[in-house]
Amino acid sequence: MKIGILSAGGDCPGINAAIRGVGKTAIIEYGMEVVGIINGFTGLVEKDVIELKENMLSGILTLGGTILGTSRLKPYKPDEDEDPRKIPELIKKNYHELGLDGLVCIGGNGTQKTADLLSQEGLNVVGVPKTIDNDIWGTEVTFGFDTAVHIATEAIDRLHTTANSHKRVMVIEVMGHHAGWIALHAGMAGGGDVIIIPEIEHDIDLISKYLLERSNKKKPYSIVVVAEGIEIPKKKKKSAGAYIAKQIKKRTGLETRETILGYTQRGGTPTSTDRILATEFGSYTAELLYKKEFGNMVAMKNGKVGKVSLNEVGGKLKLIEASNNKLIKKGRHMGICFGDCMPK
Ligand code: F6P
């Protein structure tokens, strides 16, 4: 078998570990030929590929980013004036001209949706979920998430000391797109006093009142963790973190500063947890291809690496179910404010 591997969408730590897992298993265990497709689906459109020999897969386990490059090309969402069938037909043509027997799509929600549509058009596809956001339906966790939480937590740890020195409210905005997974986990791991996520409607007046109460109780400082995807007034051009910090300052008079953590959450070497998860996902992907179990996405289900049909995954987001999330429940019992009600 000859298989092609591509990485698409936002990058994250662990993609190279996944490429290594697929490639080494395919070559060593199953005797497959492996090509790397450059810059996501763009590489399939341009037939821009490189042969991936086993020795090229050494030394990339710990490497952040993706050796293949990525792009945000959405083959089924062309520009307005473009024929919607042009790119999918070109991809199918090139897939066959490249002599591919299988295609591995490493990516987030959009990528898995595209993988499903290509699978429905007859390509032999296996999806590998990746994103720091951890918002892909069908898998309990994605690689990239643990590393992003680790980076955000370390940043929050550092904010405690400077907040304490100046007796300030420190607001930190973390990534996560429309989901609050990074904010919730880093907020709890980093000792956040207030954690604001898109899945819980927040009341800025209540948050401000809570922070004032903390100040009146002589709490020296407060840490507010904000997910980038929370609802803020559309007319505000600010980021979520900057908006929340401004509102807190205006309402409480407390000295407040914001940190927008941004792309550092997507950079650098993956944690050991993400390396193992990406390796397991990658190796299992090669097994699925060997067994011709196409049209699936590898997934973590009940703590085990398994698979889920791509047509079940496409276009769905896995958001936090705030009302029965154990971490939120424990946080509330510990007096952490999630922006919707005053802690006891
Ligand atoms: O999906 C990962 C992610 O980092 C999100 O958390 C963030 O909102 C988005 O990508 C940023 O997209 P881009 O890399 O295109 O700026």
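Q: Which residues surround the ligand?
A: In this predicted model, the ligand is surrounded by Arg72, Thr131, Ile132, Asp133, Met175, Gly176, His177, Glu228, Tyr263 and Arg266.

Q: What makes these residues count as near the ligand?
A: A residue counts if one of its heavy atoms lies within 4 Å. Arg72 and Tyr263 are among the residues around the ligand.

Q: How do you know that Glu228 makes a polar contact with the ligand?
A: Look at the distance. A polar side-chain atom of Glu228 lies 2.6 Å from an oxygen atom of the ligand. The cut-off is 3.5 Å between N or O atoms, so this pair counts.

Q: What makes the pair with Arg266 a polar contact?
A: An N or O atom in the Arg266 side chain is 2.7 Å from a ligand oxygen. That is within 3.5 Å, so the pair counts.

Q: Which part of Gly176 lies 3.2 Å from a ligand oxygen, backbone or side chain?
A: The backbone: one of its N or O atoms lies 3.2 Å from an oxygen atom of the ligand. The limit is 3.5 Å, so this too is a polar contact. The protein covers 73% of the 390 Å² of accessible area that the ligand has on its own.

Q: Where does the ligand sit?
A: The ligand sits in the largest pocket. To sit there, more than half of its atoms must lie within 2 Å of the pocket's grid points.

Q: Why is Gly9 called buried?
A: Its relative accessibility is 14%. Buried means under 20%, so Gly9 is buried. Gly9 belongs to the loop between β1 (2-7) and α1 (15-29). Leaving aside neighbours within four places in sequence, its contacts are Thr70, Ser71, Arg72, Thr111 and Lys130. Arg72 is also one of the residues around the ligand.

Q: Why is Gly331 called buried?
A: Gly331 has a relative accessible area of 0%. This is under 20%, so the word applies. Gly331 lies in helix α11 (residues 326-333). Beyond four places in sequence, Gly331 touches Met188, Ile336 and Phe338.

Q: Why is Phe294 called partly exposed?
A: Phe294 has 23% relative accessibility. Buried is under 20% and exposed is over 50%, so Phe294 falls in between. The loop between α9 (272-290) and β10 (296-301) holds Phe294. Not counting neighbours within four places, Phe294 is in contact with Met1, Asp101, Asn124, Val125 and Leu289.

Q: Why does Lys238 count as partly exposed?
A: Its relative accessibility is 37%. That value lies between 20% and 50%, so partly exposed is the right term. Lys238 is in the loop between β8 (222-227) and α8 (240-252). With residues up to four places away left out, Lys238 touches Ile232, Tyr243 and Lys246.

Q: Why is Asn302 called exposed?
A: Asn302 reaches 70% relative accessibility. Exposed means over 50%, so Asn302 qualifies. Asn302 lies in the loop between β10 and β11 (304-309).

Q: What makes the phi of Asn302 worth a note?
A: Most residues other than glycine have a negative phi. Asn302 is not a glycine, and its phi is positive, near 50°.

Q: What is the phi of Lys167?
A: Phi of Lys167 is about 55°, a positive value, although Lys167 is not a glycine. Lys167 lies in the loop between α5 (145-166) and β6 (169-174).

Conventions: Residues numbered from 1 in each chain as written. Predicted model: local features only at pLDDT ≥ 70, side-chain atom pairs only at ≥ 80, totals over all residues. Heavy atoms only, no water. Helix = DSSP H or I, 4+ residues; strand = E, 2+ residues; numbered from the N terminus. Buried < 20%, exposed > 50% of the residue type's maximum accessible area, 1.4 Å probe, protein only. Contact = heavy atoms within 4.5 Å. Polar contact = N/O pair within 3.5 Å; in protein donor to acceptor, adjacent residues only side chain to side chain. Areas by Shrake-Rupley, 256 points an atom, 1.4 Å probe, with all protein chains shown as cover. 1 Å grid on protein atoms, 1.4 Å probe; cavity = no way out; pocket = protein on both sides within 12 Å on 5 of 7 lines; lining within 4 Å.
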